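This briefing introduces the sheet, two helices and the salt bridges of one protein model. Please keep the structure in view while reading.

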Amino acid sequence: MDVIAVVAFDRINPFHLSVPCLVFGEEQPSPELPPCEIRVCTPGAAPITTTAGFTVATGHGLDEVAGASMVIVPSWPDPELPAPPAIVEAIRSAHDNGARVVGLCLGAFVVADTGLLAHRPAATHWKWADVFARRFPDVLLDRESLYVDDGDIVTSAGTTAALDTCLHLLRRQHGAELANRVARRLVTPPHREGGQAQFIEHPLPATGSAHPLTSTLRWAIEHLDEDLSVDRLAAHASMSRRTFTRRFRETAGTGVAAWVATQRIAMAQRLLETGDYSIDRIAELCGFGSAVTMREQFWRAIGTTPSAYRKTFRGPGPLPSKSATMPRHA
């Protein structure tokens with residue numbers, strides 16, 4: 001019997017713990033496929049606490065990890081905290097015995113702690129990508145993909161990407177029919193390609209900051225539907241073009257055109273997630289000029305179309321006429 005070992009630990013997020021159990025544990029494969037058993041393994045087979053405040057007791061210890069055909073590590077609670085030696089050794093032993101190792105979300109940090117990701121591609125949650133890159137400089141970090149399947153090592157981005165990853169692995173093992181059946185039971189899209197970009201937040205600059213460019217950045221965000229050339233922004237900041245360009249890059253970490261494009265994409269994401277404006281109207285409000293231009297830039301930045309993005313977050317809904325208006329600060 002195939003054994004899938006889920007490595008669990010104190011302060012585990014119960015959702016992340018449940019994802020591999022839901023995908024691999026409840027849906028029984030067809031009779032011609034080998035049976036599979038999910039074992040949640042904890043240090044010393046001891047009960048563990050979750051971030052929701054309840055405890056989980058499974059009766060399986062880390063000594064059972066070595067014999068698993070696949071080892072899944074759900075999201076680790078602290079990206080700055082190395083995994084304990086007992087967990088690292090259990091995962092390495094399983095891999096040495098031929099097991100596929102999977103790190104979901106911050107579980108990628110635990111996999112990296114084993115050294116198995118050295119000089120190999122990996123994904124993790126975008127919010128902690130800088131921490132990952134600092135702690136594991138020899139890993140080829142993919143900052144945008146939902147998941148990275150490198151054969152015997154698979155890593156994923158954030159919460160829903162963990163579900164995508166497990167469905168991908170189920171499809172890889174047992175075919176699309178079974179994976180689609182499980183996806184329907186979970187009421188989730190049956191397949192998202194690993195190369196699709198993560199849905200990354202782009203927070204606005206802090207209000208009230210004493211930085212000389214703060215008011216200009218805020219003004220630009222409130223006027224994304226207008227021409228935001230370097231000269232216009234420099235004039236708003238009362239700086240020369242050269243000084244403004246230098247100070248802007250120091251502040252934002254990128255050039256003006258790239259920053260404006262990112263803010264327009266971010267605004268379009270917010271409107272697609274929360275508003276009922278047509279794609280044409282959103283393109284106009286965000287300063288893309290046309291829906292065609294917006295689709296092209298959206299695809300380059302997010303890896304999907306505005307319509308598909310809206311359906312992912314909200315589902316289809318009624319669209320107003322193109323004459324609809326919207327206040328600033330949307």
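A residue is called buried when its relative accessible area is under 20%, exposed when that area is over 50%, and partly exposed in between. By this scale aspartate 150 is partly exposed, because its relative accessible area is 29%. The model described here is predicted. In this model, 7 strands form an open sheet, helix α2 lies across β1, β6, β7 and β11, and a search of the whole structure finds 10 salt bridges.

**The sheet**

- Strands of a sheet pair through backbone hydrogen bonds, and the pairing may be parallel or antiparallel.
- The order of the strands is β5-β2-β1-β6-β7-β11-β10, and their pairing is mixed.
- The edge strands are β5 (60–61) and β10 (147–149), each of which pairs on one side only.
- Strand β10 is joined to β11 (residues 153–156) by 3 bridges, and the two run antiparallel.
- Within this pairing, valine 148 has threonine 155 in β11 as its bridge partner.

**Helix α2**

- Helix α2 comprises residues 85–96 and runs at about 150° to β6 (70–73).
- From the first C-alpha to the last, the 12 residues of α2 reach 16 Å, close to the 16 Å expected at 1.5 Å a residue.
- Which residues of α2 are buried? They are Ile87, Val88, Ala90, Ile91, Ala94 and His95.
- These buried residues cover an arc of only 165° around the axis, and therefore they lie on the same side of α2.
- The buried residues of α2 pack against β1, β6, β7, α3 and β11.
- On the face turned away from the buried side, α2 carries the exposed residues Pro85, Glu89 and Asp96.
- Glycine 98, just after α2, takes a positive phi of about 100°.

**Helix α7**

- Helix α7 spans residues 214–222, and its buried residues are Thr214, Thr216, Leu217, Trp219, Ala220 and Ile221.
- What do the buried residues of α7 pack against? Their packing partners are α8 (230–236), α9 (241–252) and α10 (256–274).

**Salt bridges around arginine 39**

- Glutamate 37 forms a salt bridge with arginine 39, and their closest N and O atoms are 3.1 Å apart.
- Glutamate 37 is partly exposed, with a relative accessible area of 25%, and arginine 39 is partly exposed as well, at 22%.
- Glutamate 64 also forms a salt bridge with arginine 39, with the closest N and O atoms 3.3 Å apart.
- Because glutamate 64 lies in the loop between β5 and β6 while arginine 39 belongs to strand β2 (residues 36–42), this pair ties together parts that are 25 residues apart in sequence.
- Glutamate 64 has a relative accessible area of 22% and is partly exposed.

**The salt bridge between arginine 120 and aspartate 150**

- Arginine 120 forms a salt bridge with aspartate 150, the closest N and O atoms being 2.8 Å apart.
- This pair links distant parts of the chain, 30 residues apart: arginine 120 is in the loop between α3 (107–113) and β8 (121–122), whereas aspartate 150 is in the loop between β10 and β11.
- Arginine 120 is buried, because its relative accessible area of 18% falls under the 20% limit, whereas aspartate 150 is partly exposed.

**A shared network**

- Salt bridges that share partners join Glu37, Arg39 and Glu64 into one network.

Definitions and conventions: Residues are numbered from 1 along each chain as its sequence is written. This is a predicted model: local features need pLDDT of at least 70, side-chain atom pairs count only at pLDDT 80 or more; totals for chains, interfaces and linings use all residues. Side-chain values use heavy atoms; hydrogens and water are left out. Two strands pair if DSSP finds at least two bridges between them. Helices (H or I, at least four residues) and strands (E, at least two) are DSSP runs, numbered from the N terminus. Contact means heavy atoms within 4.5 Å. Axes are lines fitted to C-alpha atoms, for helices over the stretch in contact, and angles run from 0 to 180 degrees between N-to-C directions. Buried means under 20% relative accessible area, exposed over 50%, partly exposed in between (1.4 Å probe, protein chains only). A salt bridge is a side-chain nitrogen of Lys or Arg within 4 Å of a carboxyl oxygen of Asp or Glu. The expected span of a helix is 1.5 Å times one less than its number of residues. The arc is that of the directions from the helix axis to the C-beta atoms.
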